[in-house]
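This report introduces a protein structure to a reader who has not met it before. Please have the sequence and the structure at hand while reading.

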Amino acid sequence: MEVTYYVNNIEVNPPLNDEELSIELNFDKGNPDNQSVSLNELEWGLGDQTVGNDAADIINQWRLDGVSGGVGATEGIPYRLEITDEGTTYNVFDGYLDLSTAIWDCDRVSVTAVETGGNDWFLSVADSKSYAYIDEVEGLIPSSYTVRLPYVLSSVPDNQEAFLVTISMTFVVITLVGEIESLITLAKGYIANPTDWGKLAMLVLQLVYVVSLIISLVKLIADLIDLVIQPVKYHSCMSWLNNAKVGAASFGYTFKSSILDVGGVYTNNYILPEKDNVGRTSFNDDKKVFGRTNSNDVDKGYFKGTVGDFYRLMITKFNGKLIYEEGNVLRFEREDYTTSAYNYILPPVDQTSYRLNHDELISNYVVSYQTDTNDKNTLQNYEGTETQVITQQKSGYNQRVNIEGLIKRNISLARGTRKNDFTYVENIVKSYLNFISAQVNVYEAAINAVIFSVNIIANSFLSAISFLANLLQVPFNVPKIKVGKLPYSDLSSSIRDRKGMLLMENDFVSVPKDLILSVNTTSDRSTKLSVNDEIKINSLYLYNNYHAINSFLPTSLKPTGNQYEIHEVEGVPFCFDDYQLVKASNYMKDDIGRDGEILSLNWNVRKLTASADYKVKQLWTNNLKENKITPDGS
């Protein structure tokens with residue numbers, strides 16, 4: 001077997017510690033497609049600067065170039081390792097030499113090789129970009145990704161304000177009734193004498209006045225409601241899927257996930273980010289309130305933080321992992337996701353010792369959302385915010401029990417609250433508006449009947465005059481009179497359609513919110529929180545569907561629960577074919593046929609042997625019970 005080293009695409013002499021060459025595979029929680037490959041620390045430096053293939057010289061020159069126009073030590077040097085076996089050459093390592101940890105000593109350099117796109121690579125570099133940078137500098141966030149979310153405030157006005165609104169609207173209605181009576185009187189007078197031009201003019205003017213009065217009434221009612229019951233306002237938000245897409249795209253990846261993609265359980269999952277500046281809206285030219293009442297006044301809807309922050313949040317919430325697939329695809333799935341088969345079969349080994357994965361048995365597993373003291377709805381609607389799963393023995397002597405530890409999956413978001421009911425004042429105003437709407441529409445129907453009659457009679461009369469004038473060859477053409485009809489008024493709709501919207505205590509968002517939305521693409525105001533929001537944005541739901549795979553309790557789907565035996569073996573015969581099998585999938589079977597997973601493997605290329613840590617499924621206790629606690633905050 002021939003081993004060839006390349007530094008910056010130049011074939012170089014073997015490192016000084018070539019005989020110790022080993023390749024290590026580390027797998028991320030059993031993910032067969034997501035392993036990191038690393039080499040033992042490489043030592044170079046033959047002191048031969050004449051042949052041009054001394055790796056130490058190439059590394060030193062790369063570092064020196066950093067002060068004269070080159071990239072320098074802040075960027076790794078391309079590095080790959082090839083193995084030729086029976087006439088076939090294989091690329092077993094493709095990455096870079098990490099100069100950030102290199103040690104220089106005279107003409108020698110000790111440096112570590114890192115594989116490009118390994119387990120931690122994306123999350124480490126993802127912190128180098130914020131979503132604000134991706135939007136403002138790279139321009140990778142299209143406007144179509146922004147969803148305008150309507151919300152209403154949960155503050156309840158006092159009864160005195162409601163009373164004043166009722167009195168004001170009653171006064172306007174009484175005024176309207178008086179003007180309509182005048183209109184009816186004029187209409188009767190004109191119908192009795194349709195040739196009286198003066199009465200016709202007065203009737204038309206009164207019609208215009210009454211129509212204007214009704215339009216003013218409708219606007220006045222809307223303004224009065226906005227002053228007492230604040231209007232619907234808007235915040236911009238963006239889906240988890242689109243946040244993940246633009247984050248991945250910024251680093252050259254295409255994002256995929258069966259959880260978030262179309263058809264997934266959380267396809268309609270959105271994050272409403274922090275809102276420190278919510279704008280102000282004017283009413284009646286002298287009163288301003290916080291918030292954006294115009295859905296066209298767009299603010300920023302993307303996640304406020306780095307791409308790394310978002311992906312770590314996603315991993316925490318869904319108990320997930322990242323998988324790097326061919327074609328620069330970055331896949332996100334639940335921790336136990338795999339499509340791999342059991343490829344490698346471990347040969348019989350001398351070591352028979354093992355240990356239990358007792359260190360993974362945790363007594364208290366907590367999945368929790370945050371609360372927001374700036375929005376008391378997150379406190380009042382607390383149930384579903386936190387779930388504790390306490391694992392205990394069914395029987396035993398408590399003072400000798402060694403089940404301990406705490407794992408907290410703290411989701412740094414607050415749950416949203418859906419407006420499902422009307423407040424006391426809203427019910428008063430809605431009932432009154434229903435009454436006024438009925439009265440106004442009766443008046444509008446009567447007025448529209450008068451308008452219809454006036455239009456027919458007046459225009460028929462004027463058409464006759466125009467016809468006679470033309471017969472007499474008098475150049476006289478009378479324009480037609482047309483008074484427009486009043487539309488149907490539904491004054492209570494501004495109250496009714498508030499149901500289903502996001503409910504907030506005030507306009508500011510200090511803790512971002514996690515929401516399931518029913519998005520209306522044609523009407524921003526019709527976008528509501530889904531009826532499933534409280535079900536899916538719920539700590540117990542997340543535990544049962546994403547975190548329970550860590551439970552040690554046996555189930556019908558996992559007869560051994562999360563229980564394993566951990567084995568460590570050394571000196572296992574291991575050739576290049578074996579390396580290819582394990583690199584393709586870490587799922588294996590031991591020499592007695594039990595299913596297992598390789599956790600890490602170190603292959604000594606020169607000696608053709610390997611040492612490995614692996615685990616096999618094995619039920620080692622059935623003396624466990626779980627208590628799930630979901631506090632209601634009281």
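Does Asn-377 count as buried or exposed? The model is a predicted one, and in it Asn-377 has a relative accessibility of 12%. Buried means under 20% relative accessible area, so Asn-377 counts as buried. This residue lies in helix H8, which covers residues 377-380. Leaving aside its neighbours within four places in sequence, Asn-377 is in contact with Ser-154, Thr-417, Leu-503, Met-504 and Glu-505.

**The protein as a whole**

The protein comprises 634 residues, and 47% of them count as buried. Its secondary structure consists of 13 helices and 29 strands. Among contacts with a separation of 6 or more, 75% are between residues 24 or more positions apart. The accessible surface comes to about 30,700 Å², and carbon and sulfur atoms hold 51% of that area.

**Strand S9 and its partners**

Strand S9 spans residues 147-153, and seven of its seven residues are buried, so the strand is largely enclosed by the rest of the structure. In a regular strand, side chains alternate between the two faces of the sheet. In S9, Val-147, Leu-149, Tyr-151 and Leu-153 point one way. Arg-148, Pro-150 and Val-152 point the other way, and they too are buried.

Two pairings of S9 can be described. With strand S10 (residues 233-239), S9 pairs in the antiparallel sense over five bridges. With strand S22 (residues 502-504), S9 runs parallel and is joined by three bridges. Tyr-151 takes part in the description of both: it stands opposite Lys-233 in S10 and opposite Leu-502 in S22.

**Three asparagines and a leucine**

The table sets out the accessibility of four residues together with their places in the structure.

| Residue | Place | Relative accessibility | Class |
|---|---|---|---|
| Asn-319 | loop between helix H7 (307-318) and strand S15 (320-325) | 4% | buried |
| Asn-364 | strand S19 | 18% | buried |
| Asn-377 | helix H8 (residues 377-380) | 12% | buried |
| Leu-608 | loop between strand S27 (595-604) and strand S28 (609-617) | 35% | partly exposed |

Two of these residues also deserve a remark on their backbone. Most residues other than glycine have a negative phi. Asn-319 is not a glycine, yet it has a positive phi of about 50°. Leu-608 is likewise not a glycine and has a positive phi of about 55°.

Asn-364 may be considered through its contacts. Not counting residues up to four places away in sequence, Asn-364 touches Gln-388, Val-389 and Ile-390, and also Gly-405, Leu-406 and Ile-407.

**The cavity**

How many cavities of 30 Å³ or more does a search of the whole structure find? The search finds one. The largest cavity has a volume of about 50 Å³. Its lining is made up of Tyr-344, Leu-346, Val-572, Phe-574, Met-588, Ile-598, Leu-601, Ala-610, Ala-612 and Tyr-614. Strands S27 and S28 are the elements that give two or more residues to this lining. S28 gives the most, with three residues. By class, the lining of the cavity has ten nonpolar residues, no polar residues and no charged residues.

**The largest pocket**

The largest pocket has a volume of about 870 Å³. Its lining numbers 38 residues, and those that lie nearest its centre are Glu-335, Ile-549, Asn-550, Asn-562 and Lys-615. The elements giving two or more residues to the lining are strand S19 (362-370), strand S20 (386-393), strand S21 (404-415), helix H12 (539-547), strand S25 (564-573), S27 and S28. S27 and S28 thus appear in the account of the pocket as well as in that of the cavity. By class, the lining of the pocket has 16 nonpolar, ten polar and twelve charged residues. In the lining of the cavity, by contrast, no polar and no charged residues are found.

Note on methods: Residues are numbered from 1 along each chain as its sequence is written. This is a predicted model: local features need pLDDT of at least 70, side-chain atom pairs count only at pLDDT 80 or more; totals for chains, interfaces and linings use all residues. Side-chain values use heavy atoms; hydrogens and water are left out. Buried means under 20% relative accessible area, exposed over 50%, partly exposed in between (1.4 Å probe, protein chains only). On a 1 Å grid over the protein atoms alone, a cavity is a set of points where a 1.4 Å probe fits but cannot get out, and a pocket is an open set with protein on both sides within 12 Å along at least five of seven lines; lining residues have an atom within 4 Å of a point. Grid points are joined across faces, edges and corners, and a volume is the space filled by probe spheres set on the points. Ala, Val, Leu, Ile, Met, Phe, Trp, Tyr, Cys and Pro count as nonpolar, Asp, Glu, Lys and Arg as charged, and the others, Gly among them, as polar. Contact means heavy atoms within 4.5 Å. Accessible areas come from the Shrake-Rupley method with a 1.4 Å probe; for residues, only the protein chains shown count as cover. Two strands pair if DSSP finds at least two bridges between them.
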